Amino acid sequence: MATLAQTEQDFTRLPDLPAEVFTAPLKKPAHVGDDWLEPKQTDYTAEDDAIWNDLFARQMAVLPGRAATAFMAGLEKLNLDRGGVPEFGTLSEDLDTLTGWSVVPVPMLIPDHVFFWHLANRRFPAGNFIRTRETFHYIQAHDVFHHVFGHVPMLTDPVYADYMQEYGRAGWKAMRYNRLKALGSLYWYTVEFGLLQEADGIRAYGAGILSGPTEVVYATEAESPNRIMLNVDRVMRTDYVISDLQPTYFVIESFEDLYRQTVERDFDKLYRNLGAGFTYANTAVIDVDHVVNRGSLEYTLRGGRESGAKPV
Ligand SMILES: [Fe+2]
């Protein structure tokens with residue numbers, strides 16, 4: 001039987017993982033293939049398409065001047081404003097021409113190793129379902145709007161596209177050292193909640209920020225959050241909040257820098273020295289930080305979302 005160690009560099013097939021590193025043992029849904037793909041994309045109703053269009057319009061009211069230039073360019077390159085939930089086949093053809101990526105439909109939850117395997121092969125796994133009117137403003141589970149609107153435009157940027165593939169490859173190593181939590185933090189603070197220093201100000205490139213109406217303003221303009229230049233080691237030791245606005249964001253100077261910091265990092269050495277838990281609280285500012293803005297943390301200290309605090 002092949003082991004993860006033997007197939008480490010073979011990103012074309014799913015590895016057989018020893019049980020001790022398989023941290024998300026999900027049962028495969030009956031209708032899903034062995035590669036954890038849905039047989040096809042969902043057939044969306046007219047109401048589903050209307051929800052997509054309304055979400056799109058909501059975001060376009062807040063994104064210009066706050067979203068990264070590469071993200072706005074990606075929306076245009078992929079014609080994501082053509083109306084209705086995009087069809088993954090057409091989207092994948094366009095994306096393939098640009099950077100060799102595709103978008104594939106998957107169940108809502110897939111095991112970690114399958115997620116990494118898709119990324120390492122330049123396939124972005126996207127959930128099929130779309131939210132309802134009842135959950136229009138906030139859903140914790142990520143739907144097709146979050147995945148396709150939030151993530152896919154950035155995959156038109158060649159350097160970012162390479163970073164995502166490297167992230168998938170790094171996942172295999174993290175599983176072997178049982179340090180998925182640390183690598184998850186890097187994903188969280190870059191792919192989901194990353195900020196970028198552009199010539200005329202701070203812009204957002206993280207999908208978690210760009211697919212919602214509140215955090216894009218808060219992350220780029222509010223006084224509460226810390227904004228700290230990204231250091232991969234530091235980020236991987238930092239805790240994060242799942243269900244509220246972040247107390248701290250990490251800023252990259254360019255996608256080239258993000259890519260370089262990731263591929264040049266000796267993850268073996270890092271994982272051997274990392275504890276199982278996080279070292280830094282998500283509110284912490286530490287000696288080695290290059291701080292862009294030190295936040296007031298007012299929103300967080302007032303109790304965040306639960307308390308009804310204003311995201312200022
Ligand atoms: Fe996401």
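This report describes the largest pocket of a predicted model, and then turns to a pair of strands and one helix.

The largest pocket has a volume of about 1600 Å³. Its lining is made up of 50 residues, and those that lie nearest the centre of the pocket are Gln140, His142, His146, Trp188 and Glu192. Helices α4 and α5, strand β2 and helix α7 each supply at least two residues of this lining, and the largest share, seven residues, comes from α7. The table sets out the lining by class of residue.

| Class in the lining of the largest pocket | Number |
|---|---|
| Nonpolar | 27 residues |
| Polar | 15 residues |
| Charged | eight residues |

Strand β2, which spans residues 123-127, pairs with strand β1 (residues 102-106) in the parallel sense over five bridges, and within this pairing serine 102 stands opposite arginine 123 of β2. Between the two strands the chain passes through α4, and the resulting β-α-β crossover is right-handed. In a regular strand the side chains alternate between the two faces of the sheet. In β2, Arg123, Pro125 and Gly127 point one way while Phe124 and Ala126 point the other way, and all are buried; the strand is accordingly described as mostly covered, with five of its five residues buried.

Helix α11, by contrast, is considered here for the side on which its buried residues lie. In this helix, which covers residues 255-263, the buried residues are Phe255, Asp257, Leu258, Gln261 and Thr262. They lie on the same side of α11 because they cover an arc of only 160 degrees around the axis.

Conventions: Residues numbered from 1 in each chain as written. Predicted model: local features only at pLDDT ≥ 70, side-chain atom pairs only at ≥ 80, totals over all residues. Heavy atoms only, no water. 1 Å grid on protein atoms, 1.4 Å probe; cavity = no way out; pocket = protein on both sides within 12 Å on 5 of 7 lines; lining within 4 Å. Points joined across faces, edges and corners; volume = space filled by probe spheres on them. Helix = DSSP H or I, 4+ residues; strand = E, 2+ residues; numbered from the N terminus. Nonpolar A, V, L, I, M, F, W, Y, C, P; charged D, E, K, R; others polar. Buried < 20%, exposed > 50% of the residue type's maximum accessible area, 1.4 Å probe, protein only. Arc of directions from axis to C-beta. Pairing = 2+ DSSP bridges. Right-handed = clockwise from strand over helix to strand, strands pointing away.
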